[in-house]
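Student: Please give me a close look at the contact surface in this model. After that, I would like one buried helix taken apart in the same way.

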2 protein chains.
Amino acid sequence: MSQPEEQQWKLLLLEALVKERREEAQQVIEEVYPYDLANWYGELGKTEQERLLRYLDHERLADVIEELEIDEQLEVIRRLDVDHAGHVMDLMENDDVADILEELPDDEVDRLLSGMRPDEALVVRNLLTYPAETAGRLMTNRFIWVTDESTVGETIEKMRDYIEYSETINYVYVVNQLSQLVGVISYRDLILASNDERIADVMDRKVISVSSETDQEDVAKMFERYDLVSLPVVEGDVLVGLITVDDALDVLREEANEDIEKLSASGKSIDFDTKPWVAATRRLPWLILLLFIGLVSGSIISQFEETLSKVVALAFFMPMIAGMTGNTGTQSLAVVVRGLITREVDKRVVTRLIIRELRVGLIIGVTCGILIAIIAYVWQGDPILGLVVGSSLIITLIFGTLAGTIIPLILHRLNIDPAIASGPLITTLNDILSLLVYFGIATAFISRLM
Amino acid sequence: MSQPEEQQWKLLLLEALVKERREEAQQVIEEVYPYDLANWYGELGKTEQERLLRYLDHERLADVIEELEIDEQLEVIRRLDVDHAGHVMDLMENDDVADILEELPDDEVDRLLSGMRPDEALVVRNLLTYPAETAGRLMTNRFIWVTDESTVGETIEKMRDYIEYSETINYVYVVNQLSQLVGVISYRDLILASNDERIADVMDRKVISVSSETDQEDVAKMFERYDLVSLPVVEGDVLVGLITVDDALDVLREEANEDIEKLSASGKSIDFDTKPWVAATRRLPWLILLLFIGLVSGSIISQFEETLSKVVALAFFMPMIAGMTGNTGTQSLAVVVRGLITREVDKRVVTRLIIRELRVGLIIGVTCGILIAIIAYVWQGDPILGLVVGSSLIITLIFGTLAGTIIPLILHRLNIDPAIASGPLITTLNDILSLLVYFGIATAFISRLM
């Protein structure tokens, strides 16, 4: 659907809603995608929102809710009466329902689950027992499996029966009598096989699966590495659920956002709709932490008050030295954070990486150090000042590069997300380091400085 | 495949390669995934690498090459003779071949294309005419389409014929006599339909497509929004190719990495294997730019040399004020960069966002300003110094927050990727701003400062 078409549909829907023309609205609803409806929903007035919710049948409403932001999802679910909400939640993906319920107090969860079909409610309750951000929380029970004893004909029969129920995917998974996952067969191979063949004879026995405890980031990696469209989830060897590629895409986006958040030290997620007060209180803890770290820099400078009062020109180069050290650290950090996402890291890789970064720091340090030594000499006319600034920069750039490499590697080793060694934090720590080096060297040369 | 199993296969393969046992090696190759083979390839010695390449049949080799990093891909392709390389490239996905060839000089491209099947070479040449990072460059011509006149039986017949050739996907696309895309039918619906039905009667006419010029990031967004596994590419309305979800996953990862790179000002991609000299020269241009911006800060301080020499204590708060302003700017930047990825932005949204950030800046500024005023007073025993530092911080935090919001929005408006207003750049610009404000206020109060 092109942009102009989309605008036309939107206007048609809006008109139908304003004039309370149910049938006209439903015609538009038929033609557009749930994502677009969800997008427009946010832009409607309260009255039109109410009407839209009333005009949507259960299935459409389930699709639209799945596309809303979590805050909006909660609001819509709460607007519906328990029975209506229950019917809609029956039709939603279980993991989405679990995500919504997790935000609610226990009594409201029980009330909403009571409106759902008992078997669906049970599945959702079960999902809620898995920790957030694991394979168990991403999986669905809406998929088709058969036993290895079945024939292709029986499998196609089963597909016909469950077609409304299952998520559109490419594969039927095969289990043995103990419910253990033993194989997989693609829709394509089913089309090509004849009806009386046994599944065990046509299935592929090589099947990739994950355990329900697997971290969601590792799940997304599996999809990327093996170019999957779906991934079965097992406990022991028993097949318990299925993750589809759309969930992997969402995880990838979510994890990328988390990394960006951490690199910018904003902690919990803030989006365009977050209230100013909430956004400020989420950002403040980081800023106050960084304020105190900034004061550590200040107290280091105060230790060198005498040096500084004798040669005020030393202050001119402070922002440059601190900034450069912080920036080279952030660059190294980014290389490590990205690298750790895409590959396994062993001792050999770590050693090679540290040696590489040491060399990088040396090249960068010497280049920038010589450059600034010349600039400082020309600007302030003092060769010793040039020497002090230049040699300080060489040393701080080498240390800054190493700190930006080693700190995230240590965090990774301790199973802490290295992106948390966020840009500002490494920057500020490198600030302190660079000031110590700079004023240390300057104080040593103080008698020779003009 | 679990971690320990993977290790066992790896050892078996290594042993077979070292002992030149071709058949044993090929048994392992049968059992493992191309991704794992590609991963192990990098860890082998030259001799074993040669042998592995020889033991792989064309199809397997094509699969493995697709999983390698671009540098390794080039190396492998260059190791093969032209005919061998041609056969393998015939079997690779066209967009991957195009990505490799793009790195090579024209004469080598021609030489390699001459080894390929003429029709495949033509497709690749055609792909190379599309700009990088567009839908045209991501698409494959290996997919199944039928005309709307066909029957279900004929469609299944066509699928049988082209099965080896097509990428595994879930849908058959339907075109009319003018090759215009008019519908889509899922494998699932094909299974459920009877053989004599006409495709035009069972297909879904609502089909999402993109133009070949669409930016790859928008392509990835479509996959996310509409939960697609494949997306047809059109020129006019004519169907010219297909993009599969695995490409969307790669794009999403690639774009996330680019954002992280830009936020850390590292420019072109550096990974664990990049040589020190190359990594350093990729990082240096940014650092030298930031060095000169840092000197601008220095020259601002030098303008206030007199103020500073009178009250050296002013220097103690410089790193804190500059750092805080930079950090709040980066936080705002991250919110905007993430927000722009996930949603459309119009005037209304921009106005609301700027007002929100103004309020956030005010709350953050006043909180931190009062805090530091008290600290400065207690530490240095000078209430006027507390007032100067506190009021400077309030002002710089408000401006820093706004700069972090408005600069990326302007860049977005100018169709420049806002992530380029990278953390360090905003940080350094805010440095300059904060020093001007700080020393400006300090100079105004100089007579009252101790």
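**The interface, then one helix**

Tutor: Chain B and chain A bury about 11,200 Å² between them, and 68% of that area lies on carbon and sulfur atoms. The model is predicted, so the details that follow are computed from predicted coordinates. Area is quoted here because the size of an interface is often given as the accessible area lost when the parts come together. Counted by residues, the contact draws 123 from chain B and 123 from chain A.

How the copies are arranged comes next. Chain B is superposed on chain A by a rotation of 180 degrees with 0.2 Å of shift along its axis, at an RMSD of 0.3 Å. That is the relation of a two-fold axis. Of the interface residues of chain B, 98% are also interface residues in chain A, so the copies meet through the same surface.

The polar side of the contact can be listed as well. Across the interface of chain B and chain A there are 18 residue pairs in polar contact, both residues being at pLDDT 80 or more. The rule also finds 4 salt bridges across this interface. One of them joins Glu357(B) to Arg283(A), with the closest N and O atoms 3.0 Å apart. On the side of chain B that touches chain A, the largest share comes from helix α17 (residues 276–303) of chain B, which supplies 19 residues.

Now for the helix, α10 of chain A, which spans residues 118–128. Glu120(A), Ala121(A), Val124(A) and Leu127(A) are buried there. Viewed down the axis of α10(A), these buried residues fall within an arc of 120 degrees, so they line one face of the helix. The spacing fits a general rule: an α-helix has 3.6 residues a turn, so residues three or four places apart point the same way. Pro118(A) and Leu122(A), on the other side of α10(A), are exposed.

The cover over the buried residues of α10(A) includes α7 (82–91), α8 (94–102), α9 (106–114) and α11 (135–138) of chain A. Asn94(A) belongs to one of these, helix α8 of chain A. With a relative accessibility of 0%, Asn94(A) counts as buried, since the cut-off is under 20%. Leaving aside neighbours within four places in sequence, Asn94(A) is in contact with Glu120(A), Val123(A), Val124(A) and Leu127(A). Its contacts also include Thr140(A), Asn141(A) and Arg142(A).

Definitions and conventions: Residues are numbered from 1 along each chain as its sequence is written. Chains are lettered from A and ligands numbered from 1 in the order in which they are written. This is a predicted model: local features need pLDDT of at least 70, side-chain atom pairs count only at pLDDT 80 or more; totals for chains, interfaces and linings use all residues. Side-chain values use heavy atoms; hydrogens and water are left out. Buried means under 20% relative accessible area, exposed over 50%, partly exposed in between (1.4 Å probe, protein chains only). Helices (H or I, at least four residues) and strands (E, at least two) are DSSP runs, numbered from the N terminus. The arc is that of the directions from the helix axis to the C-beta atoms. Contact means heavy atoms within 4.5 Å. Copies are superposed by least squares on the C-alpha atoms of residues with pLDDT of at least 70 in both. Buried area is the accessible area (1.4 Å probe) that two parts lose on being put together, summed over both. A salt bridge is a side-chain nitrogen of Lys or Arg within 4 Å of a carboxyl oxygen of Asp or Glu. A polar contact is a pair of N or O atoms within 3.5 Å; within protein, one must be able to donate a hydrogen and the other to accept it, and residues adjacent in sequence count only if both atoms are side-chain atoms.
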